[in-house]
Amino acid sequence: MNMTFMETAAHGLGSFRIGRRSVPGQGRLVDGLGRLAGWIGGDRTVVAPWPGVQFEVDLADRIQRQMWARTYEPHVRACLGILVEPGHVYFDVGGHIGYHAVAAARKVGRNGRVFAFEADPIMYERLVRNLEQFSWAQAIHAAVWDHSGTLTFARSPVAQESGWGILSEVRDIGEGEHLDVQAISLDEWCRDAHVARWDMMKLDAEGSEFAVLQGAQNVLEQFHPAMIMEINGILLKQAGMSSAQVADFLTARSYRLFSLSFGRLEPWNLAKHGDFSDTLCLPEVRAVAALERLARSGFDQVGGFS
């Protein structure tokens, strides 16, 4: 059994999740193949998740094993693949090692731009390496917050779970390496970077989402980007915020919210989706066109889309 065979097998298992079917135990199978590949070839490996693209992962890490197998967040990947267009400007807040940012950079092309923000210094180093093949993509080592300054970032206390790093302002359980990191607001950063266009954002910041939005009020109202955002009510509550605040903030700015899952969209509802939801946030002026494109690409749309 070689690396190519295992990658192909893992990808084949994961491809069922993008549609409406699933293979029982497929997550464990993919994870096991990734562990075995790491044992055979070493934890650090480079794969080609898209033609002509190189992507470095650490197979000792659970999330990066999913990226290796191309099974990581397939619903987010599919939605971004439909809505991100050549020439777009794409922001990735909580960029990790760049899985979605690399896909976006490939899609926007030389006439677009990609900016990926990551607070964890180890993840940032790999993010830089994964994005350096695109001259129009930039990695920024910073935590995005409601103001600029210095914050404390706690790296994941579990070595195999790189996605669990969190700002101490959100939650601090006293575990994991604590580091001072630069914090920025998107309003200030966009002003200083002379950003003249912003089309799409993926926002997954472990409970910092409302603070990120508060620090981006001016540019949100100026550019009205579409967004895919993780709304985690438990983490938001620990930060003194709530899912309702996030939803109210966006709807007050003429956004429509939809819960995003495998091949399915439905209107976001606090009672049903407030605890956790990957949420598609569409500005009213572009919502109908975006929903039509998603429907043509196979996303089921459940109720209330007129």
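A salt bridge here is a side-chain nitrogen of Lys or Arg within 4 Å of a carboxyl oxygen of Asp or Glu. The structure is a predicted model.

**Exercise 1. Test the pair R293 and E85, then place both residues.**

Step 1. Compare the distance with the cut-off. The N to O distance between the side chains of R293 and E85 is 2.5 Å, and the two meet in a salt bridge.

Step 2. Locate the partners. R293 sits in helix α13 (residues 284-296) and E85 in the loop between α4 and β3, so the pair ties together parts 208 residues apart in sequence.

Step 3. Classify the exposure. Partly exposed covers the range between 20% and 50% relative accessible area. R293 has 25%, so R293 is partly exposed. E85 has 32%, so E85 is partly exposed too.

**Exercise 2. Work through two further salt bridges and the network around one of them.**

Step 1. Start from the total. The rule yields 16 salt bridges.

Step 2. Take E56 and R126. Their side chains form a salt bridge at 2.9 Å, N to O. E56 belongs to strand β2 (residues 55-58) and R126 to helix α6 (residues 121-131); the two are 70 residues apart. Both residues are buried.

Step 3. Extend the pair. A network of salt bridges links R44, E56, R126 and R129.

Step 4. Take R155 and E177. Their closest N and O atoms are 3.9 Å apart, and the pair forms a salt bridge. R155 is in the loop between β7 and β8, and E177 is in the loop between β8 and β9, 22 residues away.

Step 5. Classify this pair. R155 has a relative accessible area of 18% and is therefore buried. E177 has 44% and is therefore partly exposed.

**Exercise 3. Trace the sheet of 9 strands and find the helices that pack on it.**

Step 1. Write the order. The open sheet runs β5-β4-β3-β10-β11-β14-β12-β13-β15, with mixed pairing.

Step 2. Mark the edges. β5 (137-141) and β15 (300-301) are the edge strands, each paired on one side only.

Step 3. Zoom in on one pair. Strands β3 (residues 89-93) and β4 (residues 113-118) run parallel and are joined by 5 bridges. F91 has F115 in β4 as its bridge partner.

Step 4. Add helix α4 (residues 74-83). Helix α4 packs on the sheet and touches β3, β10 (200-203), β11 (226-232), β12 (255-261) and β14 (276-283). The directions of α4 and β14 make about 10 degrees.

Step 5. Add helix α7 (residues 186-193). Helix α7 lies across β3, β4, β5 and β10, at about 140 degrees to β3. Its buried residues are L186, D187, W189 and C190.

**Exercise 4. Derive the layout of the sheet of 4 strands.**

Step 1. Find the parallel pair. Strands β6 (residues 143-144) and β9 (residues 178-184) pair in the parallel sense over 2 bridges. V144 has I184 in β9 as its bridge partner.

Step 2. Find the antiparallel pair. Strand β7 (residues 149-154) pairs with β9 in the antiparallel sense over 6 bridges. Here G149 is matched with A183 in β9.

Step 3. Assemble. The order is β6-β9-β7-β8, an open sheet with mixed pairing. The edge strands are β6 and β8 (166-167), each paired on one side only.

**Exercise 5. Locate three residues with positive phi.**

Step 1. Recall the background. Most residues other than glycine have a negative phi.

Step 2. Take R70. Its phi is near 65 degrees. R70 lies in the loop between α3 and α4. At 18% relative accessible area, R70 is buried.

Step 3. Take H194. This residue comes just after α7 and has a positive phi of about 55 degrees.

Step 4. Take E206. Its phi is near 50 degrees. E206 lies in the loop between β10 and α8 (209-214).

**Exercise 6. Contrast the settings of R65 and I40.**

Step 1. Place R65. R65 lies in helix α3 (residues 62-69). Buried means under 20% relative accessible area. R65 has 2% relative accessibility, so R65 is buried.

Step 2. List its contacts. Leaving out residues up to four places away in sequence, R65 touches D31, G34, R35, L59 and A60.

Step 3. Place I40. I40 lies in helix α2 (residues 26-41). Its relative accessibility is 43%, so I40 counts as partly exposed.

Step 4. Add the neighbours. L36, W39 and I40 form a nonpolar surface patch, together about 350 Å² of accessible area.

Notes. Residues numbered from 1 in each chain as written. Predicted model: local features only at pLDDT ≥ 70, side-chain atom pairs only at ≥ 80, totals over all residues. Heavy atoms only, no water. Patch = residues over 30% accessible without salt bridge, like charges linked within 9 Å, V, L, I, M, F, W, Y side chains within 5 Å. Areas by Shrake-Rupley, 256 points an atom, 1.4 Å probe, with all protein chains shown as cover. Buried < 20%, exposed > 50% of the residue type's maximum accessible area, 1.4 Å probe, protein only. Pairing = 2+ DSSP bridges. Contact = heavy atoms within 4.5 Å. Axes fitted to C-alpha atoms, helices over the stretch in contact; angles between N-to-C directions.
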